[in-house]
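Good morning, colleagues. I would like to speak briefly about charged and polar side chains in the structure now coming up on the screen.

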Amino acid sequence: MASQSLRYYVSGSRLPLAVYREVAAHLRQVEGVDVEPIPQMSQTFDYNQSQVEGLWIQHADDSDAVSRERVNQILTHYNLLTT
């Protein structure tokens with residue numbers, strides 16, 4: 001049975017751009033993980049709104065449970081994933 005790659009979206013309320021960059025940098029250190037920031041799509045300016053709407057996170061087809069758990073730990077640390 002072939003494994004499927006896992007891709008999902010995470011977003012934190014009002015996280016600044018620097019925090020999203022930090023999260024992405026940490027996630028990219030996990031083997032088999034790719035991260036893509038999603039630019040803010042709002043048509044109206046809000047000073048309190050982040051320049052990033054969220055992150056797309058994708059695990060490689062052959063990523064293991066250890067890699068997935070590490071990603072969950074990182075996201076939990078930044079309050080982007082609730083356990």
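There is one salt bridge in this structure, and I should say at once that the model is a predicted one. The partners are Arg7 and Glu36, whose closest N and O atoms lie 3.6 Å apart. This pair connects distant parts of the chain: Arg7 belongs to strand S1, residues 6-10, and Glu36 to strand S2, with their positions 29 residues apart in the numbering. In general terms, side chains of opposite charge can pair when their charged atoms come close.

Are the two partners buried or exposed? Arg7 has a relative accessibility of 43% and therefore counts as partly exposed. Glu36 is also assigned to the partly exposed class, because its relative accessible area is 43%.

I turn next to the acidic residues at the surface. Glu31, Asp61, Asp62 and Asp64 together form a negative surface patch. Of these, let me place Glu31: it sits in the loop that runs between helix H1 (17-28) and strand S2 (33-39). Glu31 counts as exposed because its relative accessibility is 69%, and the cut-off for that class is over 50%.

Finally, a polar residue in strand S3. His59 is part of that strand, which spans residues 52-59. With a relative accessible area of 1%, His59 is buried, since the class requires a value under 20%. Which side chain does His59 contact? The partner is Tyr8, and the polar contact between the two side chains is 3.2 Å.

Thank you for your attention.

Conventions
Residues numbered from 1 in each chain as written. Predicted model: local features only at pLDDT ≥ 70, side-chain atom pairs only at ≥ 80, totals over all residues. Heavy atoms only, no water. Patch = residues over 30% accessible without salt bridge, like charges linked within 9 Å, V, L, I, M, F, W, Y side chains within 5 Å. Areas by Shrake-Rupley, 256 points an atom, 1.4 Å probe, with all protein chains shown as cover. Salt bridge = Lys/Arg side-chain N within 4 Å of Asp/Glu carboxyl O. Lys, Arg positive; Asp, Glu negative; His and termini not counted. Charge placed at Lys NZ, Arg CZ, Asp CG, Glu CD. Helix = DSSP H or I, 4+ residues; strand = E, 2+ residues; numbered from the N terminus. Buried < 20%, exposed > 50% of the residue type's maximum accessible area, 1.4 Å probe, protein only. Polar contact = N/O pair within 3.5 Å; in protein donor to acceptor, adjacent residues only side chain to side chain.
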